[in-house]
Amino acid sequence: MATPHIAADVGEIAKTVLMPGDPLRAKFIADTYLKDVKRFNTVRNMFGYTGTYHGKPISVMGSGMGMPSIGIYSYELFQFFGVERIVRIGSCGAYTADLNLYDVVLAEYAWSESTFAQTQSGSSEPIHITHPSAELNRELEQIASKLDIPIHKGPIHSSDVFYRTSLDHVQEIHAAEGCLAVEMESFALFHNAKTLGKQAACLLTVSDNLITMEETTSEERQNAFTKMMDIALGLA
Ligand code: HPA
């Protein structure tokens with residue numbers, strides 16, 4: 001079976017899918033952590049792989065950057081491929097000096113100025129907050145605690161814009177909405193999961209701090225991924 005963006009058979013994709021933004025990171029995760037790996041998607045080079053972790057099936061696939069992209073892939077995985085749980089594993093920019101580079105953030109909910117949720121569901125009212133699955137978040141928190149990996153749980157900002165003329169807005173969103181950090185995908189992922197009766201969650205690694213202006217290189221980010229990966233793979 002093929003959807004416009006995923007060419008795979010239904011049984012080729014596991015019930016749980018981990019989604020980094022970068023398809024090459026999906027490949028790296030499959031190569032590094034999974035056994036008996038089979039690639040199930042190459043459409044647009046948005047690679048997806050299924051393998052086993054400690055003998056249990058799990059898939060990993062790139063989501064691309066931004067809400068339109070993860071909106072498409074998560075919808076197709078949930079609706080047409082029998083996927084039940086998607087965990088986004090990404091990077092974020094911290095909105096508070098209290099977060100250090102490489103800290104792990106678990107999204108309590110996503111706040112956004114995006115019209116994705118309103119448009120997707122044809123709502124007459126604006127929707128600014130979407131929630132992850134409470135059950136999935138509980139599981140992720142338990143795994144992190146067992147592995148002794150500290151996590152920061154709080155609201156996050158899903159933004160449509162990476163490059164801004166001014167960072168004033170950042171302070172406002174932190175103050176008004178309490179968002180700990182910014183990324184660009186979770187709001188849409190959470191909305192799709194809720195709309196389709198599925199589960200989603202989001203784990204993030206701090207890659208830059210918009211208050212202290214510390215940042216990491218893309219190479220460092222790749223390596224710093226481990227803590228977040230260990231937690232997410234615990235779901236298998
Ligand atoms: N903005 C948006 N998304 C991000 C950022 C950022 O500064 N850092 C990592 N993901």
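## Notebook: contacts and cover

**Lys153 and its partner.** I started with Lys153, which is partly exposed at a relative accessible area of 39%. A note to self before going on: this is a predicted model. Which residue does the side chain of Lys153 meet in a salt bridge? I found Glu141 there, at 3.2 Å from N to O. The two come from distant parts of the chain: Glu141 is in helix H4 (residues 134-146), Lys153 is in strand S8 (residues 151-158), and their positions lie 12 residues apart in the count. I looked up the cover of Glu141 too, and at 28% relative accessibility this residue is partly exposed. While on the subject, I noted a network in which Arg88, Glu183 and Glu185 are joined by salt bridges with shared partners.

**The other salt bridges.** How many salt bridges does a search of the whole structure find? I got seven. One of them brings together the side chains of Glu12 and Lys38, 2.5 Å from N to O. That pair also links distant parts of the chain, as Glu12 sits in the segment before strand S1 (16-19) and Lys38 in strand S2 (residues 35-41), 26 residues apart. I have Lys38 down as partly exposed, with 48% relative accessible area; the limit for exposed is over 50%, so Lys38 falls short of that class.

Next I checked Lys27 and Asp31, whose side chains form a salt bridge at 2.7 Å, N to O. Why are these two separated by about one helical turn? Because they are four residues apart in helix H1 (residues 23-33). That fits the textbook point that an α-helix has 3.6 residues a turn, so residues three or four places apart point the same way. As for cover, Lys27 is partly exposed at 34%, whereas Asp31, at 51% relative accessibility, counts as exposed.

**Rings.** I then went after aromatic pairs and found three in the structure. I wrote down Phe162 with Tyr163: the ring centres are 4.8 Å apart and the planes are at 75 degrees, so this pair is edge-to-face. Are these two rings' residues buried or exposed? Phe162 is exposed at 59%, and Tyr163 is exposed at 73%. There is a charge over a ring as well: Arg25 lies over the face of Phe225, 4.0 Å from the ring centre.

**A nonpolar patch.** On the surface I picked out a nonpolar patch of about 250 Å², made by Met1, Val10 and Phe80. I placed Phe80 in helix H2 (residues 67-80). Its relative accessible area is 36%, so I count Phe80 as partly exposed.

**Strand S1.** Which way do the side chains of S1 point? Thr16 and Leu18 go one way, Val17 and Met19 go the other, and all are buried. In general, side chains in a regular strand alternate between the two faces of the sheet. I looked up the neighbours of S1 next. With strand S5 (residues 85-94), S1 pairs in the parallel sense over four bridges, and Thr16 stands opposite Arg85 there. S1 also runs parallel to strand S4 (residues 56-61), joined by two bridges. In that pairing I see Val17 opposite Ser59.

**Helix H6.** How many of the 10 residues of helix H6 (residues 186-195) are buried? I get eight, so the helix is mostly covered. The buried ones are Ser186, Phe187, Ala188, Leu189, Phe190, His191, Asn192 and Ala193. After H6 comes Gly197, and I noted its positive phi, near 70 degrees.

**Back to H2.** My last stop was Gly71, which lies in helix H2, the helix that also holds Phe80. Gly71 is buried at 8% relative accessibility. I asked how far Gly71 is from Asn192 in sequence and in space. They are 121 residues apart along the chain, while C-alpha to C-alpha I read 7.1 Å. Asn192 is one of the buried residues of H6, so this pair has both members under 20% relative accessible area.

Note on methods:
Residues are numbered from 1 along each chain as its sequence is written. This is a predicted model: local features need pLDDT of at least 70, side-chain atom pairs count only at pLDDT 80 or more; totals for chains, interfaces and linings use all residues. Side-chain values use heavy atoms; hydrogens and water are left out. A salt bridge is a side-chain nitrogen of Lys or Arg within 4 Å of a carboxyl oxygen of Asp or Glu. Buried means under 20% relative accessible area, exposed over 50%, partly exposed in between (1.4 Å probe, protein chains only). Rings of Phe, Tyr and Trp (its six-membered ring) pair if their centres lie within 6.5 Å; planes under 30 degrees apart count as stacked, over 60 as edge-to-face and the rest as tilted. A charge sits over a ring if NZ of Lys or CZ of Arg is within 6 Å of the ring centre and within 35 degrees of the ring normal. Patches are made of residues with over 30% relative accessible area and no salt bridge: like charges are joined within 9 Å, nonpolar side chains (Val, Leu, Ile, Met, Phe, Trp, Tyr) within 5 Å. Accessible areas come from the Shrake-Rupley method with a 1.4 Å probe; for residues, only the protein chains shown count as cover. Two strands pair if DSSP finds at least two bridges between them.
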